[in-house]
Amino acid sequence: MKILVSYFSAGGATKRVATRLVDILDADLEEIRPVHRYTDEDLDWRNNHSRSSAEMNDENCRPEIERPVHDLSSYDVVLVGYPIWWYVEPRAVDTYLERFDLAGKRIIPFATSGGSSISGSVNRLRHLYPKAEIEEGLLLNHGLDEIVIRKKVDGGK
């Protein structure tokens with residue numbers, strides 16, 4: 001089975017989880033990189049005019065990202081990771097996913113969060129990409145259970 005771990009990380013927590021998943025699953029790694037990196041000021045969720053606030057308040061916002069290195073069509077499973085922003089995935093993740101034909105593609109979301117659940121983002125991803133097989137997500141804040149992760153990727157086997 002060919003596995004890709006794609007991730008967006010603004011502060012580093014999701015990157016740490018993604019790189020550990022790559023080790024556990026012997027997967028390829030893809031960073032979702034915005035063309036314009038986020039500064040601390042951009043990420044100030046308390047400021048309604050910050051870049052991240054403006055993006056998350058616009059359902060149609062798709063921040064420009066660097067061209068992905070990997071083509072999802074060659075992978076059996078794609079784990080897509082991100083921090084939870086305003087209860088869902090950051091818009092840069094949507095920019096990334098919209099570049100590919102996701103029909104029949106098995107997608108496993110994973111997230112890091114300061115307190116929110118991953119369920120809102122999973123529901124939103126299922127709504128935006130109905131042709132993909134978006135599975136229940138993994139909230140990976142406090143370590144990774146290798147057995148649970150392998151079982152999830154292997155389809156519960």
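Select N123 to begin, a residue of helix α4, which spans residues 119–128. In this predicted model, N123 counts as partly exposed, at 48% relative accessibility. Keep N123 displayed and add D26, which stands 97 residues away from N123 in sequence and 28 Å away in space, computed from C-alpha to C-alpha.Centre the view on D26, whose place is in the loop between α1 and β2. With a relative accessibility of 73%, D26 counts as exposed. The backbone deserves attention here, for D26 has a positive phi of about 50° although it is not a glycine. Most residues other than glycine have a negative phi.

A second residue of this kind is W86, so named in the loop between β3 and α3 (91–97). Although W86 is not a glycine, its phi is positive, about 50°. At 34% relative accessibility W86 counts as partly exposed. Leave W86 selected and add W45 and Y87, since these three residues make a nonpolar surface patch of about 420 Å². W45 comes from another part of the chain, the loop between β2 (28–31) and α2 (51–56), and W45 is exposed, with a relative accessible area of 58%.

**Salt bridges**

Turn next to the charged side chains. Side chains of opposite charge can pair when their charged atoms come close. A search of the whole structure finds 15 salt bridges, and a few of them are worth visiting one by one.

Select R46 and D44, whose side chains meet in a salt bridge with an N to O distance of 3.4 Å. R46 counts as exposed, at 63% relative accessibility, whereas D44 counts as partly exposed, at 24%.

Then select E31 and R37, which are likewise joined through their side chains in a salt bridge, at 3.4 Å from N to O. E31 is partly exposed, with a relative accessible area of 22%, and R37 is partly exposed as well, with a relative accessible area of 46%.

**The network around E89**

Now display E59, E89, R91, D94 and R124 together, because these residues are linked in a network of salt bridges. Within this group, centre on E89, which lies in the loop between β3 and α3. Is E89 buried or exposed? At 0% relative accessibility, E89 counts as buried. Its side chain and that of R124 are joined by a polar contact of 2.3 Å.

Which residues does E89 touch, when those up to four places away in sequence are not counted? To see them, show M56, Y82, P83, D94, S121, R124, L125 and L128 around E89. Two of the residues in that list, D94 and R124, also belong to the salt-bridge network.

**Helix α5**

Finish at helix α5, residues 146–153, and begin at its start, where a side-chain oxygen of D145 reaches to within 3.1 Å of the backbone nitrogen of I147. Colour I149, K152 and V153, which are the buried residues of this helix. If you look down the axis of α5, these buried residues fall within an arc of 95°, so they line one face of the helix.

What do the buried residues of α5 pack against? Select β1 (3–7), α1 (13–25), β3 (77–83), β4 (106–112) and β6 (138–139), and you will have the elements against which they pack.

Still in α5, select E146 and R150, whose side chains meet in a salt bridge of 3.1 Å, N to O. The two residues are 4 residues apart in the helix, so about one helical turn separates E146 from R150. Both ends of this pair can be checked for exposure: E146 counts as partly exposed, at 32% relative accessibility, and R150 counts as partly exposed, at 36%.

The last stop is G155, which follows α5 and whose phi is positive, near 80°.

Notes
Residues numbered from 1 in each chain as written. Predicted model: local features only at pLDDT ≥ 70, side-chain atom pairs only at ≥ 80, totals over all residues. Heavy atoms only, no water. Buried < 20%, exposed > 50% of the residue type's maximum accessible area, 1.4 Å probe, protein only. Arc of directions from axis to C-beta. Contact = heavy atoms within 4.5 Å. Polar contact = N/O pair within 3.5 Å; in protein donor to acceptor, adjacent residues only side chain to side chain. Patch = residues over 30% accessible without salt bridge, like charges linked within 9 Å, V, L, I, M, F, W, Y side chains within 5 Å. Areas by Shrake-Rupley, 256 points an atom, 1.4 Å probe, with all protein chains shown as cover. Salt bridge = Lys/Arg side-chain N within 4 Å of Asp/Glu carboxyl O.
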